[in-house]
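Trainee: I should like a close look at the empty space in this structure, with attention to what lines each part of it. Please take me through it in one connected account.

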Amino acid sequence: MKQRIQKIITLNVNGRDYDISVGEGRTDMPESETLADTLRDRLGFTGLKLGCGQGACGACTVIMDGKAVTSCMMMTMDCDGARIVTIEGLADAVTGELNGLQRSFVENCGYQCGFCTPGIIMTAQALLEKNPEPTEEEVREALAGNYCRCGTHYSAVESIMAYVEQKKKEKEGCAQ
Amino acid sequence: MSKEMRHIGKESKRLLGEQIVTGRAKYTGDFKVPGMKYGKILRSPHPYARIKEIDVSQAKAMDGVQAVVTWKDVDRNIYITNGFTPPRHHHILDEYVRYIGDAVALVVADNEDLANEAMTKIRVEYEVLKPVFTIDEALADDAPQLYPEFPHNIAPHKNNLNFEVGDPEKGFAESDIVVELDAELASGQNPLPLEPPVIIAEWVDDTVNFIASAAAPAYCHQNVASSLNIPYENVRLVAPAVGGSFGSKLYSGNVHCLVFAAVMAKAAHCPVLLRYTKEEHFAAHQNRMTTRGHVKLGMKKDGTVCAVTLDQLADAGCCASTQEFMLAVGTNTLPLLCKTDNKRFNADVVVTNHVPSGSFRGYGYLESTNIVTRAIQDACEQAGLDPMTYYEKNALQLGERYHNSMAEPHPWQNNKSADWSELVRQTAKACRWNERWKGWGVPTWVSPDGKRVRGIGVGAAGHSDTGGKPSNANVTVTGLGSVYVSTCMAEFGAGTRDVVLKVAAEELNVPLESVRLSEADTGATPPDFGSTGSRSTYCAGIVTKLACQDAKRKMFELCHEKYGVPVEDCGFRDGYVYRLSNPDEKYPLFPKLLGKVDGITGCGHFEGVHNSTIFHLQVVEVEVDLEMGTFKIVDHFGGSDAGVIINPLPLRNQVQSFYAGVDIACMEETVWDENDYRVLNPSNIDYKTRTFNNVVPHSHIILESNKDRENDYPFGAFGVGEPLLAPGGPAIRMAIYNACGIKLDSYPFTPAKILAALKEKEGK
């Protein structure tokens, strides 16, 4: 048996820690690996999509330490200790129940081919965590880096705003 | 259609919905097949060159490299072909490379990084040749020849698509106004689905199995089998969720990436995933056909067209594949926009040294609409005729006879879809056209300082292909009442598979939850031409309905044999046969008619028709900033007819998917380096598209003109989505002219072009 010293980084993804060994061995993660590749290929979170690999389409958006980031533009090496939420982390981990934002997309059919949708939902989720009652304009600004070719420019935003309005109503209901 | 529907037109969650929002929907790139390796393509740095020497020994010797393939390793009988292709010419790997991006070598390795590294170790010596980049250069007398099979760089027609009917010269002589002009569409727009081309290929014995992001699986299957020169049954293709297509994943012509993947997998003896980078997607897949036309239109002052002729040239890039068929589809712009029986059409396909052109939503007719509409706009202006009046007058009416050149030997068809002139009237009414139209060259609004002006415009387009080509589906009803639909329709966003689901549930009168659709697997479903040109609602819908009816007939016959119930007195719903004359008399499939693990299968076959048309209008109002040369759309309105609406929200999404159409005029363009025709903007940053924070005010109407009339569409429904791009550019061109009196001829309408045109106008 051989022994060697290993470099390990830890990512917390959807509430669970993953240790990843870094190096040049066949099963090691090369230092040049992007977060998108690590999440998809190494850890199996294929919900985030690779659209352009250039940080220009938003399909690979995940929430890292509360902020929406394009994971194809992050080196995994720079993410040691980060708390990451992917689209797989939004639904209730025990019951599988969709979160309110996801449900709103289903009810309003805020998608077509669906390839951009995980990135759009994660971008919106990050916005809502900071600003629970955004205006439509603020939502649109947040989504400015998300590319969609099918034309969900209206229906995706409607889905998000429907959720915002519903939350507002619920809040008002509680206050009364 | 007065009968109350159980599912048609009712809102339901889309089949893939929950999977999409949870990230569980599986697209091709999400699959990891055991033993799978990764493919990469070494691409040519020269637009035209001969490979004198190629040395792959160092690349091959690398640890983790499974295969390196060059042109010398590929059977010459493997070449890109389909039913519409001119003679054999384009080999996926050849001694010659014919554009910057053409394949030089294929590499398969443990991962993409390693494959990229291996490519740097391939030594190639080129003999650089003189290229041709434009139609004019290709047709010049002393032009270099790209293929020995194509004298003068013209790809000979497989089918004769040229025609002349009536007497065009007589028509021109009878006209009050004759407009003759040249027009070109040369911006090389990219279909640009978010998901780039991605294919997994694996050979099992002599069969190549694909998991492929393919929008029309059986059609693609056929073209791949032909191109690989193997029997149809030696291919199997499964299309999981498709991340958008817009024509670019039909693989109706440029099936290169599937053939590459198959050749890679064969050479490497393992499954191979080949996914294009975004740069390859932009620069080495396919873009909108560059085409130009000489159009001549003769018209009476009241908008009655007397004759129209169109001579068109299409630039195929380095592979003539689907362009001929695109031109043929485009000929239906003539009967749909110009109501005359005096017509002539001539076209040729030219090959050049750049990336292949290919199918893109608006397949051929977007291109011809852009050319012909310039003449329509000029003619209407000369006549002082409201363009909406022109469109109303020229739109096909229900049952009206028209010449469909694609329907040879029976080109005279009668439009069976809808009264499209009624759609024009309803659209005009809904967007208050009459109040807003001020006349040609007259703005709708001028800012107090005179620096900003607004104008309104309308565009229309359509084709006659929504019922074209064959479809098939089988429907199995099990003893316990479960329904299985066997269809190879893929889902790429429009909700096609939801249409199939609802039609089956409606026809069999069962809950949606009882119905399951097969995977889009060409090895396990009957062939279907696929979801192209808005044909799937009609064609997949009708075969599903027919298959359900066939299954019901068989159940009724069984009920007759076993219990003596007359077939014509039988009805079916929710898993049981009942007596129409006494609905309480029920015969549950199990145990009365079938075993528990048993079923009855019905077949649906449709060979296709040539008289099912589609039409769509868009009205835009633009605001031009005369100082900056910029413009923006301040209002956008669409008019569509669905026959009968099956899925309301997905249909809404379809009619909102117009941006790639208006943005032909607003911003989209492939920028070529004029020295070597490399693509200079192969990224989502440099290729400008519509962003979420730059949307325009939009509204639309969707008519349901089949609701109360007899028709043979599935529950009255026909397709809607395909023509959403074609009217955008022409409508904007008209609106800008009305705003500020300039006629722009080259897309996109950039500030530089607008300012130059304004300057020229002032100079006059």
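**The lining of the pockets and cavities**

Mentor: In this predicted model, the largest pocket has a lining to which four elements each supply at least two residues: helix H1 (35-42) of chain A, and strand E1 (37-43), helix H3 (112-120) and helix H8 (278-283) of chain B. H1(A) provides the largest share, five residues. The space in this pocket comes to about 1500 Å³. Its lining is made up of 47 residues, and those closest to the centre are Asp37(A), Asp41(A), Asn111(B), Glu112(B) and Asp113(B). By class, 21 residues of this lining are charged, with 13 nonpolar and 13 polar.

The second largest pocket holds about 560 Å³ of space. Among the 24 residues that line this pocket, Leu15(B), Leu16(B), Gln19(B), Arg497(B) and Leu517(B) lie nearest its centre. Two or more lining residues come from each of strand E12 (235-239), H15 and strand E25 (515-517) of chain B. Here the classes are 14 nonpolar, eight charged and two polar residues.

From the pockets one may turn to the enclosed spaces. Searching the whole structure yields six cavities of 30 Å³ or more. The largest cavity has a volume of about 750 Å³. Its lining numbers 47 residues, and Ser531(B), Gly533(B), Ser534(B), Gln654(B) and Glu722(B) are the closest to the centre. Helix H9 (323-330), helix H15 (496-508), helix H16 (536-563) and helix H18 (648-655), which belong to chain B, are the elements giving two or more residues to this lining. Of these, H18(B) gives the most, namely three residues. H15 of chain B thus appears in the lining of the largest cavity and also in that of the second largest pocket. The lining of the largest cavity comprises 22 nonpolar, 20 polar and five charged residues.

The second largest cavity has a volume of about 100 Å³. It is lined by 15 residues, of which Tyr99(B), His256(B), Phe260(B), Tyr276(B) and Ala284(B) are the closest to its centre. Helix H7 (residues 256-268) of chain B makes the greatest contribution to this lining, with three residues. Eight of the lining residues are nonpolar, five are polar and two are charged.

Definitions and conventions
Residues numbered from 1 in each chain as written. Chains lettered and ligands numbered in written order. Predicted model: local features only at pLDDT ≥ 70, side-chain atom pairs only at ≥ 80, totals over all residues. Heavy atoms only, no water. 1 Å grid on protein atoms, 1.4 Å probe; cavity = no way out; pocket = protein on both sides within 12 Å on 5 of 7 lines; lining within 4 Å. Points joined across faces, edges and corners; volume = space filled by probe spheres on them. Nonpolar A, V, L, I, M, F, W, Y, C, P; charged D, E, K, R; others polar.
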